[in-house]
Amino acid sequence: MSNTTVKQKRTALKVAKSSKTLNVSSGVFRVSQSITKTINPSISGKSFSSASDSKVLDKSLAQTPKHTVQVFDEHGQDVTPHPLYNPDPGVLQPKPGKIFPAHDKSWTTMTDFPSVAFQTTNASFTGPFTKSFFGSVSASRTSQTTESVTDETKELLVKPDLSSSLSDAQARREEVKEQVREDIMDRVVDSYLTETETIWLLDIPAVSVSEDSGDAEAVKERNNAYTELCKNRHGNDKYVERSMQTFNDAPKTKEVQSDSITMVDKAVMSTTWDMYDSFCNKGDVSENTVVSAEGNKATVPDSSSMSHLLNPSGPDQSMSVFSTTSTVSGSSAHLEKMTCVLPVEEEPDLELILQSDKFKQDLAVMERVVLANIFQPKLAAYRQLPVIEDPDCVQTQIEEESWTEQSKNSLSPFLEHLWVFKCELTKGRNVSSMTWNKKNPDLLAVGYGQLDFKDQKPGLVCCWSLKNPTWPDRIFHCESGVTALDFSACNANQLSVGLYDGTIAIYNVQTTEQTPIIDSSDCANMHACPVWQLRWVDHDTGLAGEDKGEMLISVSGDGRISKWIHYKGLECVDLMKLKSPNMIVNNQRWNPKILSLAPGLCFDFHPNDSKIYLAGTEEGHIHKCSYSYNEQFLETYKAHTGPVYKVTWSPFCPDVFLSCSSDWTIYLWRQDLSKPVLGFTSGQKVVFDIMWSPHCATVFGAVREGKVEIWDLRVSSLDPMIVSASSPGVNPTALLFTPETDCVLVGDSEGQVTVYKLKNLPAGDSTQVEALEDVIRTTLSSQHTLGKTDRNA
Amino acid sequence: MAEVEETIKRIQSQKGVQGIIIVNAEGIPIKSTLDNSSTVQYAGNVHQLLMKARGMVRDIDPQNDLTFLRVRSKKNEIMIAPDKDYFLIVVQNPTE
């Protein structure tokens, strides 16, 4: 038998003998034409009916009433399962009409067939299926043998329609029936509904039996018998091994083609931090996946960028999007986008980045790093770290050699120039005051302002950091020249600024805002003259009530020393009015009622006893005053003939203080003596500023016009230990020691603040307090009039 | 904005600074003071190194993150300030 590609239009009816239905189509066509008369020759031309043709052939050849797909049970009943598909007889009509032009012929025999077929096959079929079959049969198939018709109907499945075939078939059948038996129409007919027999399709008997059932014993016996049989089988003559050969059916090659399985490589790199990120952002994942789904763009980066733009709140959220999309995309894509969140376009990219705060911070850090590279040796020297040469550079060795040569050659002390704080802004301005931040020892505030009444221009306060000597970290512009500065110790971010016009302002250096926190310009009692000195003084010790805590105290040219309180604005309370002592004019006492106040230029609180302070005036007097008594001075020290620019207590000796004045002298006083102990003068230059060294009790620095001097009383009290001349035309105007290292800062009239390191100072273990006291004692004992001589020199 | 430009100019004018490159998140340089080919080279290579470095730091402790990276070589030093949206590269030869 050869195979034909028969269209699979049959149902499960084809249980057996399916091979018989497969015929060579050409053979079928020829035979069919010869055998059957009613079959339309056109049928043969269609593969559509090849199946039906084959049936016809089969029937004619085999001439057997039942040849295929009839299942009978043991009682001879036909229990052939019915097909579930029922072709619609109503629809069948037009189609057969196209294919079978001899449709009329087929229909003429229709009425005969149903009744005949019904009767013959009633024994085997029950149910509505048969009716539909007949309907379809009559419409599509014509044959002389009724049995073949019924068989063929079962196998015919070419009609696609399934609509209400049953009802139509039934209607037809009943019509036919009534035509036959009209006479019995009025009779009452009993209809009996019976259940069809159960059709077993599959019956697998159970292999296990319950122990309670009756058969259990029998089953057990049989089992035992079987096991014994198995035991006996071995070596028993009753059982002989015999082999059999089975026929091998002809092999058949069947090819099946399936769609190619596309393989996609997927990989995810799981790292510790990736898992951590996903875990942290678990809650946000659903939100982000919704958003990214809404983005609905073809490329993954864009969808994640959409979600980034819509969720700008957390930077972590973008990472979570990536953790979800990374599982979707391949590993390479994941790597690329690992650390990035992508904005949609290029242009806003640059703008967004440049304006972000993080970028500014990064830039600032980068600037410091670059500068640290450049200034590394200088900063190391500043911080008293060993200066290590850069192993990669050859050029600077030459510089360093020349540099170290000088230091090696001269064993005498000198000032080593480290670097200069200067920038465009500060050019041409006069440095009036410098102060270190109390909390951050690397932060320096420098005030720029003219000290003379002429050349007044708006002042400037710059906060420099040691880490960036080329540009200040903070810049505050002030309306008038800055004359005094001080950082608060309690609130390290507050910087009080005293101006030439008498205003006191407090700035917050944490921000870059140009406006101060508070200004004293609204205060009624504000100073009318330049504020020459400011100090935050901590009155923790001893005082009760509202005076506890830190207070700002200022001295100004209008002769008042005031205490400022920050309470809804700055309010001031006068601590002292610097009355000038009685002046004798023309042998007459000046009227004491007319009080003239001497402009105060400086003051200094005692380091140990915060109630006592010294104040220097323009007249050259130094008054010792008490905080709690604002009527009179405790004592007055008169020695200077010119305005006293600076008065400062020694940080180590509680009784000793220094004062400097424009009369070219520096005096060392002891507070119980009304005359200075020592006087220092070298040259006829005004002394602008002095400061005790915070490390050594016998060392102090002084700034004269054109020179910077470092005095050490152990070495000599006549000459300064180090004299460093500044460039011509430039006057150093301010001096500041560094509290932690042995460097000194000098501010000059060109707006530069130079950092020097004190080298080759005579070493001393302690702070040399005894040395200072020794010096004083010897001086006192030897020469009482030293101060006078110095003054006259 | 002007402040940022000024700062960039200041850095550029420091001693030994050879160039500043600002690279966006994708690794595409968006601002540079070097020539094109060098910029592209730096940007591409630094990007990879940065990812490795960051991965390493976070692998050891996921709560940590990379804040700054400096690569010192014989001829110069490359300083990188990374961030999620960008990274900033400065190349300096401090011994010039």
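Modeller: A salt bridge is a side-chain nitrogen of Lys or Arg within 4 Å of a carboxyl oxygen of Asp or Glu. The model shown above is predicted, and three salt bridges are counted between its chain A and chain B.

Colleague: Which residues form a salt bridge with closest N and O atoms 3.1 Å apart?

Modeller: Those residues are Lys358(A) and Asp83(B). Lys358(A) lies in helix 19 of chain A and Asp83(B) in the loop between strand 4 (77-82) and strand 5 (86-92) of chain B, so this pair joins two chains. Salt bridges that share partners also bring Asp362(A) into one network with Lys358(A) and Asp83(B).

Colleague: Is Asp83(B) buried or exposed?

Modeller: Buried means under 20% relative accessible area. Asp83(B), at 14% relative accessibility, therefore counts as buried. Lys358(A) has 35% relative accessibility and counts as partly exposed.

Colleague: How should one read the area buried between chain A and chain B?

Modeller: The size of an interface is often given as the accessible area lost when the parts come together. Here the area buried between chain A and chain B is about 4,000 Å², and carbon and sulfur atoms give 64% of that area. In terms of residues, 42 of chain A are in contact with 46 of chain B. There are also 13 residue pairs in polar contact between chain A and chain B.

Colleague: Which helix of chain A gives the most to the side that touches chain B?

Modeller: Helix 19 gives the most, with 13 residues. Other helices of chain A that supply at least two residues each include helix 16 (315-328) and helix 20 (395-409). By residue type, the side of chain A that touches chain B divides into 21 nonpolar, 10 polar and 11 charged residues.

Colleague: What pattern does chain B follow along the sequence?

Modeller: The pattern of chain B is α-β-β-α-β-β-β, with two helices and five strands. Of the 96 residues in chain B, 51% are buried. Chain A has 22 helices and 30 strands, and 46% of its 793 residues count as buried.

Colleague: How does one read contacts between residues far apart in the sequence of chain A?

Modeller: One takes the contacts with a separation of 6 or more and asks what share joins residues 24 or more positions apart; in chain A that share is 55%. A salt bridge gives a particular case: Arg535(A) pairs with Asp604(A), with the closest N and O atoms 3.4 Å apart. Arg535(A) is in strand 10 (residues 531-538) and Asp604(A) in strand 16 (residues 600-605), 69 residues apart. Asp604(A) is buried, with a relative accessible area of 10%, whereas Arg535(A) is partly exposed at 27% relative accessibility.

Colleague: Where does Thr483(A) lie, and what does Thr483(A) touch?

Modeller: Thr483(A) belongs to strand 6 (residues 482-487) of chain A. Leaving aside residues up to four places away in sequence, Thr483(A) touches several residues, among them Ser432(A), Gly498(A), Tyr500(A) and Trp532(A). Another of the residues touched is Val531(A), whose backbone oxygen lies 2.4 Å from a polar atom of the side chain of Thr483(A). With a relative accessible area of 4%, Thr483(A) is buried.

How values were computed:
Residues numbered from 1 in each chain as written. Chains lettered and ligands numbered in written order. Predicted model: local features only at pLDDT ≥ 70, side-chain atom pairs only at ≥ 80, totals over all residues. Heavy atoms only, no water. Contact = heavy atoms within 4.5 Å. Buried area = accessible area lost by both parts, 1.4 Å probe. Polar contact = N/O pair within 3.5 Å; in protein donor to acceptor, adjacent residues only side chain to side chain. Helix = DSSP H or I, 4+ residues; strand = E, 2+ residues; numbered from the N terminus. Nonpolar A, V, L, I, M, F, W, Y, C, P; charged D, E, K, R; others polar. Buried < 20%, exposed > 50% of the residue type's maximum accessible area, 1.4 Å probe, protein only.
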